[in-house]
Amino acid sequence: MAHYLMSVLDGRSNSGTPEEMIAIRAFNEGLQAKGHWVFAGGLAAPESATVVDGRNAEPVFTDGPYLESKEYVAGFWIVEAEDLDVALRLAAEGSKNCNRRVELRPIMTA
């Protein structure tokens with residue numbers, strides 16, 4: 001079983017309607033019941049981000065997002081799936097339930 005990151009793309013934070021939140025909860029419960037659930041969460045607005053660069057002797061902390069963009073990752077799921085086809089189906093269901101575009105990426109293993 002492979003792990004996949006499903007990133008929810010949105011133009012603002014915490015923008016789900018009450019109906020969308022009900023659908024997301026039902027989707028999460030389905031993921032858990034079918035053994036696909038690993039972890040999920042919503043993210044604060046990009047303005048709350050801090051970029052940390054610790055490559056030199058002293059770390060540099062920069063307020064704000066790494067990239068300026070119209071859309072950003074507003075939330076995510078980490079799921080477990082037998083193969084890419086299953087992961088794509090889960091991403092399509094997640095997109096429908098949260099009413100947002102979802103980017104699917106495999107998580108590399110060491």
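Me: How many aromatic pairs does the structure hold?

Reply: This is a predicted model, in which local features need pLDDT of at least 70 and side-chain atom pairs count only at pLDDT 80 or more, whereas totals for chains, interfaces and linings use all residues. Residues are numbered from 1 along each chain as its sequence is written, and side-chain values use heavy atoms, without hydrogens and water. Rings of Phe, Tyr and Trp (its six-membered ring) pair if their centres lie within 6.5 Å. The number of such pairs in the structure is two.

Me: How are the rings of F27 and W77 arranged?

Reply: A pair of aromatic rings is described by the distance of the centres and the angle of the planes. For F27 and W77, the centres are 5.0 Å apart and the planes meet at 80°. Planes under 30 degrees apart count as stacked, over 60 as edge-to-face and the rest as tilted. The pair of F27 and W77 is therefore edge-to-face.

Me: Which elements does this pair link, and how many residues lie between its members in the count along the chain?

Reply: F27 sits in helix α1, while W77 belongs to strand β5. Helices (H or I, at least four residues) and strands (E, at least two) are DSSP runs, numbered from the N terminus. The pair thus joins distant parts of the chain, α1 and β5, at a separation of 50 residues.

Me: In what pattern do the elements follow one another along the protein chain?

Reply: The protein chain has two helices and six strands. Read along the sequence, these elements give the pattern β-α-β-β-β-β-α-β.

Me: What is the strand order of the open sheet, and which strands form its edges?

Reply: The sheet is open, has four strands and pairs them in antiparallel fashion (two strands pair if DSSP finds at least two bridges). Its order is β2-β5-β1-β6, and the twist averages 20° from one strand to the next. The strands that pair on one side only, and so form the edges, are β2 and β6 (101-106).

Me: Which residue is the bridge partner of G42 in β5?

Reply: β2 and β5 are antiparallel and share five bridges. In β5, G42 has as its bridge partner G75.

Me: Which residue of β4 stands opposite V52?

Reply: Strand β3 (residues 50-53) pairs with strand β4 (residues 60-63) over four bridges, in the antiparallel sense. The two form a hairpin, with six residues between them. Opposite V52 in β4 stands F61.

Me: At what angles do the helices run to β5 and β6?

Reply: α1 lies across β1, β2 and β5, with contact meaning heavy atoms within 4.5 Å. Helix α2 (residues 84-98) lies across β1, β5 and β6. Angles run from 0 to 180 degrees between N-to-C directions of axes fitted to C-alpha atoms. The angle of α1 to β5 is about 25°, and that of α2 to β6 is about 155°.

Me: Which element gives the most to the lining of the largest pocket?

Reply: The largest pocket has a volume of about 390 Å³ (1 Å grid, 1.4 Å probe, open, protein on both sides within 12 Å along at least five of seven lines). Its lining (an atom within 4 Å of a point) comprises 22 residues, with M21, I24, G42, A74 and G75 nearest the centre. Two or more lining residues come from each of β1 (2-10), α1 (18-33), β2 (37-42) and β5 (72-81). With five residues, the element that gives the most is α1.

Me: What volume does the second largest pocket have?

Reply: The second largest pocket is lined by 14 residues, of which P46, P65, Y66, L67 and Y72 are the closest to its centre. Its volume is about 300 Å³.

Note on methods: Grid points are joined across faces, edges and corners, and a volume is the space filled by probe spheres set on the points.
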